[in-house]
Amino acid sequence: MFHVEHYDVVVIGAGHAGIEAANISDKYGLKTALITKNHSDLGKLSCNPSIGGVGKTHIASEVDILGGVICKIGDKSAIHYRVLNLSKGPAVWGVRAQIDRDLYSQNIKKFIKSSKINLIEDEAINILEKNNKIIGVELSNIGKIKSKSVILTTGTFLNGKIYFGNESQEAGRIGNSSSKFLAKFINNNFKTMRLKTGTPPRIYAQSINYDVLEPQISENNGIFLSYFTKQNTNKKINCFITKTNNKTHKIIRDNLDKSAMYSGMIKSQGVRYCPSIEDKITKFGDRNGHNIFLEPEGLNSDLVYPNGISNSLDKKIQLKFLRSIKGLEKCEVNQFGYAVEYDSVDPRELKNNFETKKIENFFLAGQINGTTGYEEAAGQGVYAAIHAAIKIKKIKFNTKVFERDNSYIGVLVDDLTKLGVTEPYRMFTSRAENRLKLRTDNSYERFSTIITSKAFNKTEYSLISKNIINEKKILDQLKKLKYSPNDLMKKNIKVKKDGKVRNGFEVLKFLDLSPENFKQFFNIKISQKLLTKIYFDSKYDVFYERERKSFDQLSKNKNMKLTNIDFNKIPSLSKEILEKLNKHKPENLYDAGKISGITPSALFQIVKHKKVKGTKVA
């Protein structure tokens, strides 16, 4: 017997993928239910209390422009900002915001309460389908509810198991039971794998000696996570830096048998680019120390997150190695670090719209697809919900915005559904062929064809619409202005005496202007945000064509034979790339590109190496 409620979409799991999926479903007019075991877990920052970073901010900015909330609520809850890679070009800038855990949770709850999303506190125990098509969901207490589609976002909860040294218990994260019933359904219907992630201990702030530590102050230079944020009024607090030392390393090495990862208790693959401290000591043993960033968990929290020392060691050993670290000699621990092992689905079980190939209208998003990270999860939640709305509501949506040359979400989807994963997938700018174009400051431009009032409130929609119109107007004005080499030399701008007449947009790349100087030079008023954006558009314009030609070169050389290449002699290839190439031994460039984790830049280096060596291209 079905419960009386009938939904267009039921979203299972209220982490970052689930929150974004429910939000988008609701905004596009679908009757939406969001299922969570516990209301207090809404949008929970399970691990690091931060949002953003290189690659991650890039996905988050796209979620923001698609109508998502991770950036807006992140800015409302931020207590510390950094802009990574600011000394480099904006293609690799990455805003990273330290978030107040409690404030973020409160803001997420307020948002859900203000929406039309029906929040249900219950456990989903079965997916209901008939003739390989979704008909509903079965809940532990309520029973069966009808739904036209289901978006499953279970994170680390499917058969989740956590480890402290030789101790283990069934849990999706500490304090939360694992999902056994749903895991049975998923394992019976799809190809799955076991993956692993981990988290560091949480330390009481008052037990840390900050006097001997290096502070890291908040510096965001007016750059926020969200396109729509104008200011953050929260108090900003410092993070602090310390590092491991030889004594720390000896304690860990001497006790690897008390690590779940190294004792053999865990055999699944962990996150390569967020390694445990055991991995760091074992694989990078020649280093004198590894940085630890002490990150406060909130303005009113007495806990600190020591970023950089996730581990699965015995609790006694954790305390011992912590107290060997500068500033932590007398530290007290609130919660010890642990590893989490869980089931995930091989993402090649999905169509490129994230609908499962075997069950119609059944979508998967987040860590269940073999990814890691809040931002990657949020991107998948938005993506799955948009495609559910396309199918169920027949909404009109230009899905070309998700092609890999236009968005990081497109890169992620393409990588997952075509290549699958052998370890938890994390986004990097190097995964994108056209990364110069895929910047955080131009997401609104790349997604301009799908910007709709449905996804934003009136203020936000008005802001983005006016800014797009204003940018077009300014660019039109710039392109009408003409400057000969003599004109520019009179203004002390060094250019070639080539007789070429340049327009204002082309001239912009030679300048380093403030909005005031821009107005004086071109007689056009502009904001700093837009000036930065169009300045780099001008500066990168010539490189866009080079990037396209490089991509074409890969296509042209896809049949290049690689059987006689010693990959170890290509110095620019990373350790990860070499490891995978030597393991799989691809016969040609096309096969190399199909290996999960092999980046376009790595393929370019292989082509370049073979041509430099004078080997005939097949």
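## Helix 10 and helix 11

At roughly how many degrees do the axes of helix 10 and helix 11 cross? In this predicted model, the axes of helix 10 (residues 374–392) and helix 11 (residues 408–419) cross at roughly 85 degrees and come within 10 Å. Since angles of 65 to 115 degrees count as roughly perpendicular, helix 10 is therefore described as roughly perpendicular to helix 11.

The contact brings Glu-376, Gly-379, Gln-380 and Tyr-383 of helix 10 together with Ile-409, Leu-412, Val-413 and Leu-416 of helix 11. Sorted by character, the residues of this contact comprise five nonpolar, two polar and one charged. Tyr-383, which helix 10 contributes to the contact, also belongs to a cluster in which ring pairs link it with Phe-354, Phe-397, Phe-402 and Phe-447.

## Helix 13 and helix 17

A second helix pair is formed by helix 13 (residues 458–480) and helix 17 (residues 528–556), whose axes come within 12 Å and cross at roughly 50 degrees. Helix 13 and helix 17 are therefore oblique to each other, and the handedness of their crossing is right-handed.

On the side of helix 13, the residues that take part are Asn-470, Glu-471, Ile-474, Leu-475 and Leu-478, and they meet Leu-530, Lys-533, Ile-534 and Asp-537 in helix 17. The residues of this contact divide into five nonpolar, one polar and three charged.

## Aromatic pairs

Across the whole structure, a search finds 19 aromatic pairs. One of them joins Tyr-535 and Phe-536, whose ring centres are 5.0 Å apart and whose planes stand at 75 degrees, an edge-to-face arrangement. Both Tyr-535 and Phe-536 are buried.

Phe-536 also pairs with Tyr-540: here the ring centres are 5.9 Å apart and the planes lie at 50 degrees, so this pair is tilted. Phe-536 and Tyr-540 are four residues apart in helix 17, which means that about one helical turn separates them. Like Phe-536, Tyr-540 is buried.

## Helix 4 and the loop after strand 2

Where does Gly-43 lie, and is Gly-43 buried or exposed? Gly-43 is found in the loop between strand 2 (32–36) and strand 3 (50–52), and its relative accessibility of 1% is the reason why Gly-43 counts as buried. Leaving aside neighbours within four places in sequence, Gly-43 is in contact with Ala-14, Gly-15, His-16, Ile-19, Tyr-104 and Ile-108. The C-alpha atoms of Gly-43 and Ala-17 are separated by 8.8 Å, although these two residues are 26 residues apart along the chain.

Helix 4 (residues 101–114) holds Asp-102 and also Ser-105. With a relative accessibility of 48%, Asp-102 counts as partly exposed, whereas Ser-105, at 13% relative accessibility, counts as buried. When residues up to four places away in sequence are not counted, Ser-105 touches Ser-40 and Leu-42. For Asp-102, the C-alpha to C-alpha separation from Ser-77 is 8.6 Å, with the two residues 25 residues apart in sequence.

Technical notes. Residues are numbered from 1 along each chain as its sequence is written. This is a predicted model: local features need pLDDT of at least 70, side-chain atom pairs count only at pLDDT 80 or more; totals for chains, interfaces and linings use all residues. Side-chain values use heavy atoms; hydrogens and water are left out. Axes are lines fitted to C-alpha atoms, for helices over the stretch in contact, and angles run from 0 to 180 degrees between N-to-C directions. Helices (H or I, at least four residues) and strands (E, at least two) are DSSP runs, numbered from the N terminus. Angles under 35 degrees count as roughly parallel, over 145 as roughly antiparallel, 65 to 115 as roughly perpendicular and the rest as oblique. A crossing is left-handed if the near helix is turned anticlockwise from the far one by less than a right angle, and right-handed if clockwise. Contact means heavy atoms within 4.5 Å. Ala, Val, Leu, Ile, Met, Phe, Trp, Tyr, Cys and Pro count as nonpolar, Asp, Glu, Lys and Arg as charged, and the others, Gly among them, as polar. Rings of Phe, Tyr and Trp (its six-membered ring) pair if their centres lie within 6.5 Å; planes under 30 degrees apart count as stacked, over 60 as edge-to-face and the rest as tilted. Buried means under 20% relative accessible area, exposed over 50%, partly exposed in between (1.4 Å probe, protein chains only).
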